[in-house]
Amino acid sequence: MGWRWGFGKAMRTPELGLIVREPYATDIVSGEKTWEIRRYPTHVRGRIGIISPRGWIGTVVLADVRGPVSVEVLRRYRTRHRADPAFLEAYARGRPLYVWILTDPQAFPEPIPVRRPRGPIVWIRLEEALGARTADPNGT
């Protein structure tokens, strides 16, 4: 992992960045959205980057995955996932969904540009997407 400066100190760059559409990406790094709803589980855990169309906008800890969960159950927890029930119905396509539990959000003051692959990509490797910007700030 490389280093970058943030919050007045050096921090390690997470290995992976999760691509999330707006307004959900901003809601995640602000702490307003603590559940990310997906069609599948993931084995990824730990600190991850959040990538929006504006770039890398912050980090969260992907703490757990729960499910499968029905759209009917998710309707009761809209304050956690912030998705409109009609959107959830269309997204689920009649299948159960999974809840990715997000904790410890950290929003960056400004987005950091990243190279995003084209197409339906969910995860990106931040070191590759950031290029030279992840070099050790001490020059070593």
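This report walks through the fold, the cores, the salt bridges and one helix of a predicted protein model.

## Before you start

Because the model is predicted, local features are given only where pLDDT is at least 70, and side-chain atom pairs count only at pLDDT 80 or more, while totals for chains, interfaces and linings use all residues. Residues are numbered from 1 along each chain as its sequence is written, and side-chain values use heavy atoms, with hydrogens and water left out.

## The overall fold

Let's begin with the whole chain. The protein has five helices and eight strands; these are DSSP runs numbered from the N terminus, with helices (H or I) of at least four residues and strands (E) of at least two. Along the sequence, they follow the pattern β-β-β-α-β-β-β-α-α-α-β-β-α.

Of the 140 residues, 41% are buried. Here, buried means under 20% relative accessible area, exposed means over 50%, and partly exposed lies in between, using a 1.4 Å probe and protein chains only. The protein exposes about 7,800 Å², and carbon and sulfur atoms supply 53% of that area (Shrake-Rupley method, 1.4 Å probe). Contacts (heavy atoms within 4.5 Å) often span long stretches of sequence: among those between residues at least 6 apart, 72% join residues at least 24 apart.

## Two nonpolar cores

In soluble globular proteins, nonpolar side chains tend to be buried together. A nonpolar core here is a set of buried Ala, Val, Leu, Ile, Met, Phe, Trp, Tyr and Cys residues joined through side-chain atoms within 4.5 Å. Which residues touch the most other members of the largest core? They are I50, L74 and L97, in a core of 29 residues. Elements giving two or more residues to this core include β3 (16-19), α1 (24-30), β5 (46-52) and β6 (55-69). Strand β7 gives the most, with six residues.

L74 shows how this core is knit together. Beyond its neighbours within four places in sequence, L74 is in contact with W35, I37, V69, H81, L88, L97 and V99. Apart from the largest core lies another, of ten residues, including I19, I51, I124 and A129.

## Salt bridges

Side chains of opposite charge can pair when their charged atoms come close. Counting a salt bridge as a side-chain nitrogen of Lys or Arg within 4 Å of a carboxyl oxygen of Asp or Glu, the total is eleven. One of them joins E15 and R125, at 2.5 Å from N to O. E15 sits in the loop between β2 (9-12) and β3, and R125 in strand β8 (residues 123-125), so the pair ties together parts that are 110 residues apart in sequence. E15 is partly exposed at 45% relative accessibility, and R125 is partly exposed at 42%.

Another salt bridge pairs K33 with E36 at 3.2 Å, N to O, and both of these residues are buried. D64 and R66 form a salt bridge as well, their closest N and O atoms being 3.5 Å apart. D64 is partly exposed, with a relative accessible area of 27%, and R66 is partly exposed at 48%. Salt bridges that share partners also link D27, E32 and R82 into one network.

## A closer look at helix α4

Where do the buried residues of α4 lie, seen down its axis? These residues are L88, Y91 and A92. They fall within an arc of 90 degrees, so they line one face of the helix; the arc is taken from the directions between the helix axis and the C-beta atoms. The buried residues pack against β4, α2, α3 (78-81) and β7. The face turned away from the buried side carries the exposed residues A86 and A90.

At the N-terminal end, D84 caps α4, with a side-chain oxygen 2.9 Å from the backbone nitrogen of A86. After the helix comes R93, whose phi is positive, near 50 degrees.

## A92 and R38

A92 belongs to helix α4 and is buried at 2% relative accessibility. R38 belongs to strand β4 and is buried at 9%. The two are 54 residues apart in sequence and 8.5 Å apart in space, C-alpha to C-alpha.

Leaving out residues up to four places away in sequence, A92 touches V71 and L97, while R38 touches residues including L18, I19, Y91 and L97. The side chain of R38 reaches the backbone oxygen of I19 at 3.2 Å. A polar contact of 2.9 Å joins the side chains of R38 and E36. Such a contact is a pair of N or O atoms within 3.5 Å; within protein, one must be able to donate a hydrogen and the other to accept it, and residues adjacent in sequence count only if both atoms are side-chain atoms.
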